[in-house]
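This report describes one protein chain, taking the model confidence, the secondary structure, the aromatic pairs and the salt bridges in turn. The sequence and structure are shown below.

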Amino acid sequence: MKYTFGRYSAPRGQSGFSLLEMLAVIVLIGIVAGIVVNQVSDNVTKGKYNAGKAQVAKLSMSIEAYALDNGSPPDKLQDLVTKPGNAPNWKSAYAKESDLKDPFGHAFDYKNPGEHGDFDLVFLGKDGKSGGDKYNADIGNWQ
């Protein structure tokens, strides 16, 4: 071992990492981090989409409970939260205000009367627009 003023000095022929080697490692770490972030983001979107499908089923049951009590489905989804004037047997809130928005923060599409049944309730997917595929695909209560 060779000492210089109390500090260790590497033997001749050995040295630390070069700048090029350090940059290569940093770039590889960046690529791996980018892949991980992309996968996590995709899993979050998938989870929200699946939660939206489940929320359609839950909100449909609330609409059906309202219809059983009052003779027909509500005119608008807000009628599940606050009593409308034309609901004589309205017992209490059938849903919470937060139930009226999908996991992506968009309002559900609702039609009364519906084209596929007494009412149509549609989750519009991640983009909140009609149509689309994968996580932007629409899911209706009749599906």
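The long helix comes to an end at Gly71, the residue that follows helix 1, with a positive phi near 95 degrees.

**Confidence**

The model is predicted. Its mean pLDDT over the chain is 86, and 90% of the residues score at least 70. Among the elements of the chain, strand 4 has the highest mean pLDDT, 94, and strand 1 (residues 2-4) the lowest, 53.

**Helix 1**

Helix 1 covers residues 19-70, which makes 52 residues. From its first C-alpha to its last it reaches 75 Å, close to the 76 Å expected at 1.5 Å a residue.

The buried residues of helix 1 are Thr45, Tyr49, Gly52, Gln55, Val56, Leu59, Ser60, Ser62, Ile63, Tyr66, Ala67 and Asn70. In an α-helix there are 3.6 residues a turn, so residues three or four places apart point the same way. The partners of the buried residues of helix 1 are strand 3 (109-111), strand 4 (120-123) and strand 5 (139-140).

Gln55 is one of the buried residues of helix 1, with a relative accessibility of 15%. Leaving aside residues up to four places away in sequence, Gln55 touches Ser98, Asp99, Lys101, Asp102, Pro103 and Phe108.

**The sheet**

Strands 3, 4 and 5 form an open sheet in the order 3-4-5, with antiparallel pairing. Strand 3 and strand 5 are the edge strands, each pairing on one side only. Strand 4 and strand 5 run antiparallel and are joined by two bridges. Within strand 5, Ile139 is the residue that stands opposite Phe123.

**Aromatic pairs**

Seven aromatic pairs are found in a search of the whole structure. One of them joins Tyr49 and Phe123: the pair is tilted, with the centres 5.5 Å apart and 45 degrees between the planes. Because Tyr49 lies in helix 1 and Phe123 in strand 4, this pair ties together parts that are 74 residues apart in sequence. How accessible are the two residues, Tyr49 and Phe123? Tyr49 is buried at a relative accessible area of 7%, and Phe123 is buried at 0%.

Phe123 also pairs with Phe104; these rings are stacked, at 6.4 Å centre to centre and 5 degrees between the planes. Phe104 belongs to the loop between helix 1 and strand 3 and Phe123 to strand 4, so the pair links distant parts of the chain, 19 residues apart. Both Phe104 and Phe123 are buried.

Which residues form one aromatic cluster? The members are Tyr49, Phe104, Phe108, Phe123 and Tyr135. Phe108 is also among the residues that Gln55 touches.

**Salt bridges**

A search of the whole structure gives three salt bridges. The table lists the pairs with their N to O distances.

| Basic residue | Acidic residue | N to O distance |
|---|---|---|
| Lys58 | Asp99 | 3.6 Å |
| Lys76 | Asp79 | 3.2 Å |
| Lys111 | Glu115 | 3.6 Å |

The bridge between Lys58 and Asp99 links distant parts of the chain: Lys58 is in helix 1, Asp99 is in the loop between helix 1 and strand 3, and 41 residues separate them in sequence. Lys58 is partly exposed, with a relative accessible area of 42%, whereas Asp99 is buried at 12%. Asp99 is also one of the contacts of Gln55.

In the bridge between Lys76 and Asp79, Lys76 is partly exposed at 47% relative accessible area, and Asp79 is buried at 3%.

In the bridge between Lys111 and Glu115, Lys111 counts as partly exposed at 36% relative accessibility. Glu115 has 63% relative accessibility and counts as exposed, because the cut-off for that class is over 50%.

**Summary of the core contacts**

Helix 1 packs its buried residues against strands 3, 4 and 5. Tyr49 of helix 1 and Phe123 of strand 4 make a tilted aromatic pair across these parts. Lys58 of helix 1 joins Asp99 in the loop between helix 1 and strand 3.

Technical notes: Residues are numbered from 1 along each chain as its sequence is written. This is a predicted model: local features need pLDDT of at least 70, side-chain atom pairs count only at pLDDT 80 or more; totals for chains, interfaces and linings use all residues. Side-chain values use heavy atoms; hydrogens and water are left out. Helices (H or I, at least four residues) and strands (E, at least two) are DSSP runs, numbered from the N terminus. The expected span of a helix is 1.5 Å times one less than its number of residues. Buried means under 20% relative accessible area, exposed over 50%, partly exposed in between (1.4 Å probe, protein chains only). Contact means heavy atoms within 4.5 Å. Rings of Phe, Tyr and Trp (its six-membered ring) pair if their centres lie within 6.5 Å; planes under 30 degrees apart count as stacked, over 60 as edge-to-face and the rest as tilted. pLDDT is the predictor's confidence in each residue, from 0 to 100. A salt bridge is a side-chain nitrogen of Lys or Arg within 4 Å of a carboxyl oxygen of Asp or Glu. Two strands pair if DSSP finds at least two bridges between them.
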